[in-house]
Structure formats: structure tokens, C-alpha cells
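Reader: I am new to this structure and would like to look closely at a single part of it. Could you take me through one sheet and what packs on it, step by step?

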Amino acid sequence: MPSLAEEVDRRRTFAIISHPDAGKTTLTEKLLLFGGAIQLAGAVKARGERRRARSDWMKVEQERGISVASSVMTYEYLGRTFNLLDTPGHEDFSEDTYRTLTAVDSAVMVIDAAKGIEAQTRKLFEVCRLRDVPIVTFVNKLDREGRDPFELLDEVEQTLALDVTPASWPIGMGQRFKGCYDLIHDRLILVERGNNDRPAEGIQCNGLDDPKLDELLPADLVTELREQVEMARGLCPEFDLEAFRQGTMTPVYFGSALNNFGVRELLEGVADYAPSPRPQPAVERSISPAEDKVSAFVFKIQANMDPKHRDRIAFVRLSSGHFKRGMKLKHVRSGKMMTMHNPVLFLARDREVAEEAWPGDIIGIPNHGNLRIGDTLTEGEDLHVKGIPSFAPELLQRVRPTDPMKMKHLSRAVEQLAEEGAAKAFKTRLGSQWIVGVVGALQFEVLADRIRTEYDVPVTFETAGLHTARWLAADDPAELKKFIDAHQGDLAEDHDGDPVFLARNGWHLNHTAETWPKLRLLATKEPA
Ligand code: G4P
């Protein structure tokens, strides 16, 4: 029976962040291929018919070539258990991505060698930095002509203000790309250009002076490699594990995910250096993964994964303890005990039910809406996990059912989607209208599609003449009440019943803030 400490130590829970098209999907597939996994895609494994019966909004997703829904993939490699959390790449879904990043201990940042750091890479990186999440960098597509490796290292260092150290070095580029020299272990494992087969062991050369290098590679490439490595070692700091774990240094791996180059080195890097589950901050105290008692938090809700059943899966990250199926956990927000009858695991290949799980693992808990994003589950202690905020939406529209008789159905749909975190829903004080808030315009389309297909309510979204929303807080409850009484026409409630100020434009927001100095107009909200 493995001990809790050993299981914690073995786990690596991470995500891949990148700008669309840099190669995240390809790299994910290759990591799974190397890991010999696979349980791909989603909490409830959709097979054959069921998968084909997916609702129309999935078509929206496919047509747009974006991944709307995140999922979890677990695989074993080199004696470690990896939990890879997928993040939607499209910028319209950044809030979902943000929350997923609250559930990882490290991230792999994929960069296209020809493009360098792109807008979305940078945004996601900033989210990681907020939590000091250690970043491993993978420069992809070296099989094409890209930028000079030194230039790329420099760009990462300058734009992200991180110390960089090359962990591997590319041998050639484009057509002549042969693979990557492992600078940390001072060796080369030479493999053929790969495809979708599990890669061969390869031929190993030890050290840059190994004569095998001269035998196996063209002379000019070996000379260039020796020169460049010498230069890189002279210019860049050595890999410093502490600095990496604190999030101030990133090891940079080069490769080509498509051709299996550099993937093994990257995986070994994550296995060896990425941290095992870290302590989880809560309002009351920090939760250590090695604590005997189980605690966990919800970072994502996915509703209606199977359109035939109104099921919802709460994605829960274990923060501490040894979780077992059937155990009773306290849902701290409601104070109620919940029995974990059917936890879903994304773990072992052919099992869907989680018999057990350890800190760092993600389990799916089917439920009917009682679990919400940010909720904490414990064996009894009142703990509230911190750091999973909601963001004020940047776009607001009014939603109406095309058939006015379906107002009630619409309310249910909107409330459920808000609980899932797919959008913000605000019900106006006057007139009880639904205002839906999102961060990217595409989300309105996806929502309209989902409300129609999953709830059978055709809807229209229309402009509401609103600029943004702010949650309200004040030290003095009387002040809050005074404001609310005076601004009924600008007020709404979110799906938790918390008051929200709806600003018509930037001036309206600023003017209100100036007129009510004791009131706080908040752009983010932490779950209660
Ligand atoms: P994403 O998830 O980050 O959006 O990227 P994805 O893996 O889908 O890759 C985007 C495109 O880049 C794909 O080409 C993919 O084949 C290609 N790609 C990924 N890794 C490499 C690499 O190492 N080298 C080269 N040359 N290309 C790579 P596509 O044409 O959009 O799709 P497909 O038709 O090839 O599947």
C-alpha cells in the first residue's frame, strides 16, 4: 500500500498554455503517446453513438476550430502520474482557462519557433505568474525554418521578464533538423523523424565529445552544435531548480511535436523538475497535500455533457488526503454532507469510476447543481479555498426567449449556465430581465446555441446599452443599502443573489465611484 507522501510525490498536475496554432493539441497527443496513455477527452468517456449525438454547440466549436470544453487526461510515465489539464485556446474563453490554471502546479508554455511569444501566450503566462506557477517552455516547429534559438531565448527573457536557460539545443533547423541535444543530462538521444507510432528508444551519445556524434550527424551540424552549446552555456545561467519552482526561471526545450523531436526530453523535464502538488491556500489556513484528511475544491463545472441527461460534472481537484469512493464529504458552502457515490476518474484506461484518488488528481463529481465553482469539500473542517475569482464581463447583452411563454425555462437555462461558469447572468431589479455577460463576443453565439439545443428555448441576444458590471461591497452595510435604494434602475443580482451595479458607460462607472467613495465597485469576485 503506497503511502500518502509517496503518492503526492509521484504526481505532476499541469496544463499546456499557448497561442492558437502553436501546437498544443499536437503536443498533447504526443505526450499521451509517449506516456502510452490514453483516455482522451472529457469526464464521461463519450463513445461511438453518444459522441456523434453531441449537441450543436459542439459543431460551433468544431467549425471555429476552437476547443470550448476543457478536459483532463491522466497518464503514467517514468513512474509518475501526470494529470494534464486541457485549457481552451481561444481568447474568448479565458476565464475558463484561468480557473483551470488554478488547479495546476506547473505549466508547459508552447511557442511557435517562427512566431515567438504571441498575444495569448503572454496573457496566459501572466495568469500563471499571478500564482507563481513554474513554467517549462517548449519551442515547437523546429522542423520548419524559424527564428534563431538565441533570439528566441532572448525574447522569452525580455518579454516575460524571466530568467531562461536552454534545457535542450536544436541540431539544425527546417529540413535539416535532426533533434535536440539534452543540455541538462549532457547527452543526445537520436531518433528518426517520428510519426504517430510510439517512438523508438533511439541511439544515445554521451557528451559533446562523443565520436558517435561525428559518425551519426553531418559534420557541419556537429561543429555548429558544439559552438552553439558552448556559447549558450557561456551566456545563459545554469538550470536552477529553486528558481524554476519559484517561477522566476524557465527551462527552454526545443523540438517538433509533429515529428516527436524533443518530446521525450520535455516529458523527462516535467517528470524530474516540475513540482508535485503544492499547498493549497484557504481563507482559514494553508492546506498541505500530506494531510490525512481529504479536502478538495471545484474549479470547473461542465453541464449537459450528455444532452439526454441533465447531468453536470463538477471538476474537483484533490488538495489533501487519500480520497476513496463512497466517502462522505462536507460541502462547506451549504454545510451538508455529500456521499461520493459515483466519482468519475480520468485515470486508469478502462475505468470510469474513481475508486480512489490522491492530492493533485482531478475527479469528476456528477451532481444536480449543488456544487459550484470555488466550492470546498472537506471531511468536516470549515475551509474555504482561495484564489478562484469571477471576472466582471466585458460584454453585456439582454437575452429573451423568442416565445415569451418560455421565460421560466430561460431563467433555468441562464442560471445553470452561470453556475457552470459559461457566462455571467444578472437579473435586473426592475423588470426582472436577464442580462448575460461574457468576455468574448463568440460566447453569445455559443450560449444561444446551447440554450436552444440543451434547454429547448430559442433565444435572441440584443444590445442592452451596458458597458460593464461591478460587484458591490462596503464596510458599512448601511452605506451599501443606501446605494442600492438610490440606484434600483442600475442594479441587478448575480446567480448567487449578490448585488451588481450595471454601468452604462465608462463615465457612468467613474462618476458613481467618485460620488460614493465609501463603496467598493469590484471587477472580480471571490466565491463566498
Ligand atoms: P493548437 O492546438 O495550439 O492550436 O495547435 P495544433 O496542435 O492544432 O497545431 C496547429 C498546426 O501546426 C497544425 O497544422 C499542426 O499539424 C501543426 N504543427 C504542430 N506541431 C508542429 C511541428 O512540430 N511542426 C510543424 N511543421 N507543424 C506542426 P494544421 O495544418 O493546422 O493542421 P493539420 O491539418 O496538420 O492537422
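Author: What follows is a walk through one sheet, from its strand order to the helices that touch it. Please keep in mind throughout that this is a predicted model.

The sheet is open and has eight strands, which pair in the antiparallel sense and follow one another in the order 27-24-26-25-29-30-28-31. At its edges stand strand 27, residues 459-463, and strand 31, residues 519-522; each of them has a single partner strand, so one side of each is left without a neighbour in the sheet. On average, and with direction ignored, neighbouring strands of this sheet are turned by 40 degrees against each other.

Within that order, strand 25, which covers residues 424-428, is paired with strand 29, residues 491-493, through two bridges in the antiparallel sense. In this part of the sheet, K427 stands opposite E493, a residue of strand 29.

Turning to the helices, helix 12, made of residues 407-420, packs on the sheet and touches strand 24 (395-401), strand 25, strand 26 (434-438) and strand 27, while its direction makes about 135 degrees with that of strand 25. Helix 14, residues 477-486, lies across another set of strands, namely strand 28 (468-474), strand 29, strand 30 (499-503) and strand 31, and runs at about 145 degrees to strand 28. Taken together, the edge strand 27 is among the strands touched by helix 12, whereas the edge strand 31 is among those that helix 14 lies across.

Methods: Residues are numbered from 1 along each chain as its sequence is written. This is a predicted model: local features need pLDDT of at least 70, side-chain atom pairs count only at pLDDT 80 or more; totals for chains, interfaces and linings use all residues. Two strands pair if DSSP finds at least two bridges between them. Helices (H or I, at least four residues) and strands (E, at least two) are DSSP runs, numbered from the N terminus. Axes are lines fitted to C-alpha atoms, for helices over the stretch in contact, and angles run from 0 to 180 degrees between N-to-C directions. Two residues are in contact if their C-beta atoms, placed from the backbone, lie within 7 Å.
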